[in-house]
Amino acid sequence: MNRPLAPSFAGYSRASVRPDLLAALTVWAVLVPESLAYATIAGVPPVVGLYAAVPALLLYALVGTSRHLVVSPMSATAALSIGVVSTVSSDPSAYVVLTAGLALATGLVAMAAGLLRLGFLASFISEPVLKGFIIGLALTIMIGQVPDLLGISKGSGNFFEKLGHVLSHLDEADPLTLAVGVSSLGLLLVLRRFVPLVPGSLVVALAGIGITWLLHLDDHGLAIVGHIDAGLPDVGLPDVSGHFADLLAGSVGVMLVGFAEGLGAAKTYAARDGYDIDPNRELLALGAANLGSGLASGMVVNGSLSKTAVNGSAGAKSQLSGLTVAVLAVLTLLFLTGLFEKLPEATLAAIVIAAVIELVDLESLRRLWRVTTGRVVKVYQLSARADFVAAVCALIGVLFFDTLPGLVIGIGASLILLLARTSRPHVAPLAPVGGDQDGPWVDVERNPDYTPVPGVLVVRVESPLMFANADNVRTRVRELAADVAASPGGLHLVVLDGRTSPSIDVTAAGMLVQLRTDIRRMGAELVMSDDVGQVRDVLAVAEPDGEPALYPTVAAALASAGDDPQRPFTGNG
C-alpha cells in the first residue's frame with residue numbers, strides 16, 4: 001500500500017459508484033439507530049454516537065486499507081468505555097467529556113502502535129479469548145438494558161448483582177414499557193429471521209417513534225429519549241486535565257479489543273475480494289478515527305463486523321460507501337434529530353439487546369471443548385483444552401470483575417496455558433512404516449501395528465526445544481530409553497528426529513549435551529537427524545564440543561550404528 005491517502009481507492013472504477021451509493025443507504029439505515037443505542041451503553045446521550053460516526057467514517061476512508069470496513073461506535077468498546085470512565089469519575093455529568101477524552105487517548109495509543117509497527121499485538125488476544133470476552137460482554141450489556149426494557153430501576157455491580165436486582169424487582173415492571181419493549185424486541189427478531197435484508201433496527205425505531213407520537217404514549221409514562229440537540233458537535237479538545245493519565249492507561253485494552261475486532265472484519269472481506277490488509281496501517285486508521293471522534297465530542301469507535309457485513313452484502317466496492325454514510329449522518333444531525341426525540345427508551349434497549357444477542361455464541365464454547373481428542377487430553381491434561389479454558393476464564397472474568405479485568409484474565413490464562421503446554425511437549429517414540437527405514441516414521445502409540453527397530457529408540461519432540469521444556473524432554477527421553485534398554489536386545493542408539501523441533505535455545509542445547517551423557521551411561525549413543533538449519537546453527541555455537549552428531553535422515557543415523565555414530569552431518573539444511 002504505497003498511497004499515502006485513501007489507499008482503498010487504488011484502481012477505483014466508475015462502475016463501482018452505483019453499488020457503493022446503494023450500500024451506503026443500507027448501512028446508514030443500520031448505523032443511525034445502532035449508534036444512538038451504543039452511546040447509551042457508554043453512558044452518554046444518544047446523539048454522541050452520531051457525533052462519533054461522522055469523523056470516524058471520514059478519517060478511516062482516508063487512512064485505512066479495507067474497502068469494506070465500517071468504523072463507528074460498537075457495543076464491545078462502548079461497554080469498555082463506560083468501564084474505564086466510571087473508574088475515573090463517579091459523576092455521570094462528567095461522562096460526556098471523559099468519554100471524548102478516552103476516544104482521544106485510544107487514538108493516540110493506536111497511532112503510536114501503528115508508527116511503531118505493533119500490528120502483531122492483536123495476536124495476543126486469541127480468538128477463543130475474544131470469543132469468551134465477547135460472550136461475557138454481550139451478557140453484561142443485555143442485563144444492563146433489561147431495566148429499560150421492563151421499566152424498572154437499574155441496579156449496579158457485576159453481571160450477577162444486576163441480574164439479582166432485575167429478578168427481585170420484576171413486580172415493579174411498568175406494563176406500558178414492558179409492552180413496547182417486548183414488542184420491539186420481538187419485531188426485531190422476526191425481521192432478522194424472515195426478512196434479513198430489511199434494516200430491522202431502523203424499521204423498529206421508526207415504528208416505536210410513530211406509535212409514541214400517534215398515541216401520546218410519553219404522556220402516559222413511557223420514557224423516551226427526549227430532546228436531542230440538532231446540528232453539528234463542538235470541535236475541540238475535551239477538558240480532561242487531571243484525568244488523562246488514567247484514561248490513557250485504560251485506553252490500551254480498549255484499543256486492543258477494537259483493533260482485534262476491526263482487523264478480523266477487514267481481513268474477512270479482504271480475503272473474499274482478493275486484496276491485502278496492512279495491520280500497521282489499520283492501527284493508524286483506527287487512531288485517526290478515534291482522534292477525530294474525540295475532537296468532535298464523540299466516543300470510542302472501531303471496525304464493526306456486523307455493519308461491515310451489511311456493507312459487503314449490499315455490494316460495496318470501496319470506502320465511497322463509508323464517505324456517503326458520513327454525509328448521510330451529517331444530514332441526520334442537521335435535519336432529523338427531532339425525529340428520534342420520540343424514540344422510546346424501551347425500543348432503544350430492544351435494539352441494543354437484539355444487536356448483541358447473536359454474540360452469545362455458546363455453540364462456539366462447545367466446539368472449543370470438543371476440538372480436543374482424548375489422546376491429546378491424556379498427554380497435555382488441562383492444557384489440552386487451553387482454548388476452552390482461556391475462553392471460559394475471559395467469560396467468567398467479565399461477568400464477575402467487569403470488562404477490562406475480564407480481558408486481562410483471559411489473556412493471562414491463555415498465556416499461562418500456552419507455557420504449560422509448551423513445558424510438557426509430547427515426546428513420541430517412532431517406528432518405520434512397513435519396516436522401511438527410508439520411508440516415513442510414525443508415532444508408535446498411534447500406530448501400534450508398526451514395530452520399532454530393535455535396539456534403537458527413535459523419538460520426536462513435538463515442540464521447539466527451549467528452557468521451558470528442556471527438563472521434561474530430558475526426563476521423558478531417558479524413560480523411553482530405559483524401557484528399550486530393559487528389553488532383550490538392549491539399547492545401542494537413540495535418534496532424535498528434529499523435523500518437529502524448528503528451533504532451540506541455549507538451555508535446551510545444554511540439555512542435549514547432558515542427555516547425550518545420560519544415554520552413554522546406558523551404553524548407547526545419542527544422535528540427531530533431519531534438524532532444521534537454525535537448530536544446527538545454535539548447537540554449533542552454544543555447544544561446539546559436546547552436541548550430538550547430526551544426520552540428514554533417520555535412515556542415515558541408523559546406518560551410523562554399524563559405522564561411527566559420532567560422525568556429524570555438516571550440511572546446511
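Here are some notes on this structure, point by point, bearing in mind that the model is predicted.

1. Let me start with helix 5, which covers residues 127-150. The helix has 24 residues and reaches 34 Å from its first C-alpha to its last, close to the 34 Å expected at 1.5 Å a residue. Helix 5 does bend, though: there is a change of about 25 degrees at Gly 144, with a proline, Pro 147, following within four residues.

2. How much of helix 5 is buried? The count is 21 of its 24 residues, so the helix is largely enclosed by the rest of the structure. Right after helix 5 comes Gly 151, with a positive phi near 80 degrees.

3. Two residues that are not glycine also deserve a look at their backbone angles. Arg 117 has a positive phi, near 55 degrees, and sits in the loop between helix 4 (95-115) and helix 5. With a relative accessibility of 56%, Arg 117 counts as exposed. His 216 is the other one I would check: its phi is positive at about 50 degrees, and its place is the loop between helix 8 and helix 9 (244-273). His 216 counts as partly exposed, at 45% relative accessibility.

4. Staying with helix 8 (residues 200-215), Gly 210 is found there. Gly 210 is partly exposed, its relative accessible area being 25%. How far apart are the C-alpha atoms of Gly 210 and Gly 262? They are separated by 35 Å, and the two glycines are 52 residues apart along the chain.

5. Next, the surface. Leu 206, Leu 232, Val 327, Leu 331, Leu 334, Phe 335, Leu 336 and Leu 339 make a nonpolar surface patch of about 710 Å². Which helix gives the most to this nonpolar patch? That is helix 12 (residues 320-336), with five residues. Leu 336 is part of the patch and lies in helix 12. Its relative accessible area is 32%, which makes Leu 336 partly exposed. That value is just a little above the cut-off, because patch residues need over 30% relative accessible area.

6. On to the aromatics, where the count comes to four aromatic pairs. In one of them, Phe 160 and Phe 400 have ring centres 4.8 Å apart and planes at 40 degrees, so the pair is tilted. This pair links distant parts of the chain, 240 residues apart: Phe 160 is in helix 6 (residues 159-168) and Phe 400 in helix 16 (residues 386-401). Another pair joins Phe 400 to Phe 401, with centres 6.3 Å apart and planes at 45 degrees, so this pair is tilted too.

7. How do these rings sit relative to the surface? Phe 160 counts as partly exposed at 36% relative accessibility, and Phe 400 as partly exposed at 42%. Phe 401 reaches 52% and counts as exposed. Put together, ring pairs link Phe 159, Phe 160, Phe 400 and Phe 401 into a cluster.

8. Salt bridges: a search of the whole structure finds 14 of them. One of them brings together the side chains of Lys 154 and Asp 148, at 3.3 Å from N to O. Lys 154 counts as partly exposed, with 49% relative accessibility.

9. Another salt bridge joins Arg 366 and Glu 363, whose closest N and O atoms are 3.0 Å apart. Why are these two residues separated by about one helical turn? Because they are three residues apart in helix 14 (residues 362-370). Arg 366 is partly exposed, with a relative accessible area of 43%, and Glu 363 is partly exposed as well, at 36%.

10. I would finish with Arg 474 and Asp 518, whose side chains meet in a salt bridge at 2.7 Å, N to O. Arg 474 lies in helix 18 (residues 470-485) and Asp 518 in helix 19 (residues 506-521), so the pair ties together parts that are 44 residues apart in sequence. Is Asp 518 buried or exposed? At 7% relative accessibility, Asp 518 counts as buried. The bridge also belongs to something wider, since a network of salt bridges links Arg 474, Arg 478, Asp 518 and Arg 521.

How values were computed. Residues are numbered from 1 along each chain as its sequence is written. This is a predicted model: local features need pLDDT of at least 70, side-chain atom pairs count only at pLDDT 80 or more; totals for chains, interfaces and linings use all residues. Side-chain values use heavy atoms; hydrogens and water are left out. Patches are made of residues with over 30% relative accessible area and no salt bridge: like charges are joined within 9 Å, nonpolar side chains (Val, Leu, Ile, Met, Phe, Trp, Tyr) within 5 Å. Accessible areas come from the Shrake-Rupley method with a 1.4 Å probe; for residues, only the protein chains shown count as cover. A salt bridge is a side-chain nitrogen of Lys or Arg within 4 Å of a carboxyl oxygen of Asp or Glu. Buried means under 20% relative accessible area, exposed over 50%, partly exposed in between (1.4 Å probe, protein chains only). The expected span of a helix is 1.5 Å times one less than its number of residues. The bend at a residue is the angle between axes fitted to the seven residues ending there and the seven starting there. Rings of Phe, Tyr and Trp (its six-membered ring) pair if their centres lie within 6.5 Å; planes under 30 degrees apart count as stacked, over 60 as edge-to-face and the rest as tilted.
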